[in-house]
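Q: Please choose a single part of this molecule and take a close look at it, explaining each term as you go.

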Amino acid sequence: MAILVTGGAGYIGSHTILALLEQHHDVVVLDNLVNASDIALQRVEKITGRNINFYHGDINERSDLQKLFSQNNISAVIHFAGLKSVGESVKKPIEYYKNNVSGTLVLLDEMRRAQVKKFIFSSSATVYGTPESVPLRETSRIGGTTNPYGTSKLMVEQILQDFAHAQPEFAITILRYFNPVGAHESGLVGEDPGGIPNNLMPYISQVASGKLQQLAIFGDDYPTIDGTGVRDYIHVMDLAEGHLKALEQIHKQQGIKTYNLGSGVGYSVLQMLKAFEKASGRSVPYKIMPRRDGDIAECWADAQLAKEELGWTAQRDLDDMMRDTWNWQKKNPAGFQP
């Protein structure tokens, strides 16, 4: 039996596959490589000494999914595939709904056809919209999303609730995670965004390495500790291990479950910047820019439910996140490009 990982060549997917292989799971990957590189999978194979069964295809293509399910004995699906930039989603909403919502519908339909009944969904803290209060709990109000990316995740969550009600033999886990950062300690795999990064840490590290001239900080007038946005950052390997814990549980689970995966601590942009400068020994110049559409002031998690029911907590601290981010950037100044 194998685990299907959609979007497995991407940042979170590749680290999760690494963790799966180290726990002796067989893995099948489907990825269209639009925002990813198959070099990430090759490096995961190198680290683990295990082979990955890779399909270059798309979740919106039924024929790709039908071929994959017919050729492999799949026991569960971990679904990462989708577009993920908040800012880009504001400019390209149709593309985001097509990839993130329509693609998930096609995948669920083909899972039902293939009688694969275990599904773990990569959701996001953006489904909470502008928080009424923090920390955010799974019971906090969802909705009022501030960008199409978050709305696409919210729509899929609603689809999954309806699907779970209609298909009680399915077990579904929704993982709402916060802001993944860092890289595998080997420095062989990490976050490799195309063009100018949309996420904070690759942007900071590329400025520190000289690839970019300065960091743009969007807004310094939020009602936070220093005026910059506050987020819950979680090490990507902690996040990967959260998926392993969810996979362990899903084989004993009925119905649908939802968990936050976060560190439970909020850091501002400027706090992250200073921590990175300390870890790297590099100065990171920055410029304050106007707020971005769709951004909120602060957001961090209460992950107590994941601790109680999955036996999971974040193990790596801010220093670990910064050390591993810089280690990846130093070793791979051009990302996965030769």
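**One residue and its helix**

A: Y203 is buried, with a relative accessible area of 14%, where buried means under 20%, exposed over 50% and partly exposed in between (1.4 Å probe, protein chains only). This is a predicted model, in which local features need pLDDT of at least 70, side-chain atom pairs count only at pLDDT 80 or more, and totals for chains, interfaces and linings use all residues. Residues are numbered from 1 along each chain as its sequence is written, and side-chain values use heavy atoms, with hydrogens and water left out.

Y203 belongs to helix α7, which covers residues 200–208; helices (H or I, at least four residues) and strands (E, at least two) are DSSP runs, numbered from the N terminus. The burial of Y203 fits the picture of α7 as a whole, since this helix is mostly covered, with nine of its nine residues buried. These are L200, M201, P202, Y203, I204, S205, Q206, V207 and A208.

When neighbours within four places in sequence are left aside, Y203 is in contact (heavy atoms within 4.5 Å) with I196, P197, L212, Q214, L215 and A216. Looking at the helix again, the buried residues of α7 pack against the strands β7 (179–181), β8 (215–218) and β9 (230–235), and also against the helices α9 (269–280) and α11 (318–331).

Just after α7, G210 takes a positive phi of about 90°. Finally, for a sense of distance, Y203 and I256 lie 53 residues apart along the chain, and their C-alpha atoms are separated by 36 Å.
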